Amino acid sequence: MSTVSPSPLQQEQALVIFSGGQDSATCLAWALSRFERVQTLGFDYGQRHNVELACRQRLRAALADLDPLWASRLGPDTLLNVDIFRQLADTALTSEAPIAADGPGGLPTTFVPGRNLLFILHAAVWAYAKNIRHLILGVCQSDSSGYPDCRDDSIKAMQVALNCGMDSRFVLHTPLMWLSKRGAWELAESLGGTALVDLILEESHTCYAGERGRRYDWGYGCGVCPACRLRASGYAAYREARKNGERGRTEV
């Protein structure tokens, strides 16, 4: 099902920071379309719920079933425990604090300060020992809810810091950085067809509340938290564009 032409990257290994959500699932498909061997790394950071963690293995297995090439490239998964955020910051993702769009500094209360930066650092340390230099993460500046650690400048700065501090040649790949949520769905379709879109709809999880009881056309969730609203609006835009024969600017 993969449609990507061979490239020099397919001779190398990659590590995907894989949460079990829509974005990281799309990034895993992106990596499997490019690299010879792909491992995944997840984080148990004391999050409010562990639904995404429960989705991870189902998503991995189902992605491998979509394409024999992907199955041959998918390596092992690792889950790291970095349960320190409850000690560092009281946020809506690490406590029972209310989920709201306007928190301290104008950021959503779901913003966990430094979370992605810490994830990248841990991933780089882990990859260093495995001689893996390509790190893939699903951060996005255009649809990031304003999280500063999802911005392109933040990721570029981390790449420089890692390579200076570890005397390495890490490359941080962010396939979704400039895509809308509609664009993320379109990228998934370009990578794995409607089968991949359907898989992400059914098996991935984005809802901040951890709700898996109700299935909408865009997947499972509470339907009201910011993550659900963003996912729903992006899927609606994707479906509308597909119905009208429109294509966004996504790179495979």
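Two strands count as paired if DSSP finds at least two bridges between them; strands (E, at least two residues) and helices (H or I, at least four) are DSSP runs, numbered from the N terminus. The model here is predicted: local features need pLDDT (the predictor's confidence in each residue, from 0 to 100) of at least 70, side-chain atom pairs count only at 80 or more, and totals for chains, interfaces and linings use all residues. Residues are numbered from 1 along each chain as its sequence is written, and side-chain values use heavy atoms, leaving out hydrogens and water.

**Exercise 1.** Find the residue in strand 3 that stands opposite Phe-43.

*Solution.* Start with the pair of strands: strand 2 (residues 37-44) joins strand 3 in the parallel sense, over 6 bridges. Now look across from Phe-43, and you meet Leu-80.

**Exercise 2.** Work out which strands stand at the edges of the sheet.

*Solution.* First, write down the order: the 5 strands run 3-2-1-4-5 in an open sheet with parallel pairing. Next, check the ends: strand 3 (74-81) and strand 5 (171-173) each have a single partner strand, so one side of each has no neighbour in the sheet.

**Exercise 3.** Decide where to be careful with this model.

*Solution.* Begin with the whole protein chain: its mean pLDDT is 84, and 78% of its residues reach 70 or more. Then pick out residues 1-6, where pLDDT stays under 50 and the model has 17 contacts (heavy atoms within 4.5 Å) beyond four places in sequence. Residues 91-95 are also below 50, with 30 contacts beyond near neighbours in sequence. Where pLDDT is low, don't read the predicted coordinates in detail.
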